[in-house]
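Biologist: I am new to this structure and would love a close look at one part of it. Could you pick a helix and walk me through its charged pairs, then show me how other pairs compare?

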Amino acid sequence: MSLTTTSNLIDGKQTAEDIKAEIAAEVAALKAAGKKVPHLAAILVGHDGGSETYVRNKVLACERVGFASTLLRYEDDITEAELLAKVDELNHDPEIDGFIVQLPLPKHIDPEKVIEAIRPEKDVDGFHPMNIGRMVAGLPALLPATPSGIVELLARQGIKTSGKHCVVIGRSNIVGTPVSILLAKNLDTANCTVTLCHSRTQNLAEICRTADIVVAAIGRPEFVTGDMVRPGAVVIDVGTTRVADATKKSGYVLKGDVNFAEVAPLASAITPVPGGVGPMTIAMLLLNTLRAAKGEIYPR
Ligand SMILES: Nc1nc2c(c(=O)[nH]1)N[C@@H](CN(C=O)c1ccc(C(=O)N[C@@H](CCC(=O)O)C(=O)O)cc1)CN2
Ligand SMILES: [Mg+2]
């Protein structure tokens with residue numbers, strides 16, 4: 001049987017819609033019970049095109065599920081001290097259940113310092129060391145959205161992970177490192193044997209070919225080529241790089257970290273870009289906001 005058909009596509013967009021419908025039903029129930037609806041705030045610094053899109057989509061997603069949302073925009077000359085003061089205001093604002101600071105930040109601002117300044121119970125990105133530490137320890141935590149979105153996507157597609165060899169390419173704090181930890185956890189939706197590869201890994205292609213599941217999160221367009229993937233592997237593409245293309249109205253095309261034309265015919269299942277992991281990131285952010293509002297992880 002040929003695997004070259006679209007039947008091996010993992011529809012992250014639809015899965016994210018399903019999750020949003022579940023969240024919307026919970027919000028409707030909260031409303032019906034006379035309770036406050038969850039309120040997400042987002043801080044956006046500067047005018048990066050990708051960040052503008054992602055934050056806009058986060059605000060639209062809040063509307064979709066019935067959350068309140070607040071967007072706080074600052075120019076890219078905001079000082080680190082000023083930004084930390086805004087974070088502190090949100091930390092102490094009883095109306096706000098959770099908030100994010102969109103990354104990347106301008107070079108003069110230390111993202112680690114900003115992330116550490118967010119109260120863990122409002123850290124709906126799941127980036128604070130307290131949430132990362134709790135995740136590593138297997139304690140209830142607000143989990144980082146893209147990693148938990150990948151695990152959820154595999155689970156909802158019925159893709160078996162237990163005992164499988166998963167090769168993660170990329171060790172960022174946002175995706176590669178946390179997803180490698182999550183996938184190795186003793187959970188029904190994980191239980192993988194994980195190899196974490198990065199820019200210094202030797203024999204990367206060879207290691208990749210041993211994978212049952214490849215997670216490409218290296219931020220290099222079309223890095224994973226056909227010769228790196230074992231026929232029948234599951235391929236999860238986290239990359240969303242805007243590559244200049246004068247023939248497009250937008251001036252760019254969106255490229256994943258996987259050479260889709262080469263890899264899709266080999267893979268038993270593969271996420272597209274767009275429409276794969278990206279929408280799951282936003283759905284899981286909403287889920288974290290609901291959890292924060294309900295005090296599920298850190299009781300109020
Ligand atoms: N504070 C945060 N900053 C960043 C995060 C994050 O989780 N929190 N992750 C990425 C960007 N990101 C979310 O913020 C994100 C990236 C991509 C998508 C997405 O839906 N992509 C679409 C395509 C959209 C487009 O046209 O560009 C897709 O893949 O279908 C959502 C969220 C870095 N920063
Ligand atoms: Mg995607």
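Modeller: Glu 152 pairs with Arg 156 in a salt bridge, with their closest N and O atoms 2.7 Å apart. This is a predicted model. Both residues sit in helix α6, four residues apart, or about one turn of the helix. Glu 152 counts as partly exposed because its relative accessibility is 25%, and Arg 156 is also partly exposed, at 35%.

The helix around them covers residues 145-156, twelve in number. From first C-alpha to last, α6 reaches 16 Å, close to the 16 Å expected at 1.5 Å a residue. Most of α6 is covered, with nine of its twelve residues buried; among them are Ala 145, Ile 150, Val 151, Leu 153 and Leu 154.

Now for the wider setting: the whole structure holds 14 salt bridges. In one of these, the side chains of Glu 80 and Lys 113 meet at 2.9 Å, N to O. Glu 80 belongs to helix α3 and Lys 113 to helix α4, so this pair ties together parts 33 residues apart in sequence. Glu 80 is buried at 18% relative accessible area, while Lys 113 is partly exposed at 44%.

Arg 300 and Asp 97 form another salt bridge, at 3.1 Å, N to O. Arg 300 lies in the segment after α10 and Asp 97 in the loop between α3 and β3, so the pair links parts 203 residues apart in sequence. Here Arg 300 is exposed, with 67% relative accessible area, whereas Asp 97 is buried at 2%.

Technical notes
Residues are numbered from 1 along each chain as its sequence is written. Chains are lettered from A and ligands numbered from 1 in the order in which they are written. This is a predicted model: local features need pLDDT of at least 70, side-chain atom pairs count only at pLDDT 80 or more; totals for chains, interfaces and linings use all residues. Side-chain values use heavy atoms; hydrogens and water are left out. Helices (H or I, at least four residues) and strands (E, at least two) are DSSP runs, numbered from the N terminus. The expected span of a helix is 1.5 Å times one less than its number of residues. Buried means under 20% relative accessible area, exposed over 50%, partly exposed in between (1.4 Å probe, protein chains only). A salt bridge is a side-chain nitrogen of Lys or Arg within 4 Å of a carboxyl oxygen of Asp or Glu.
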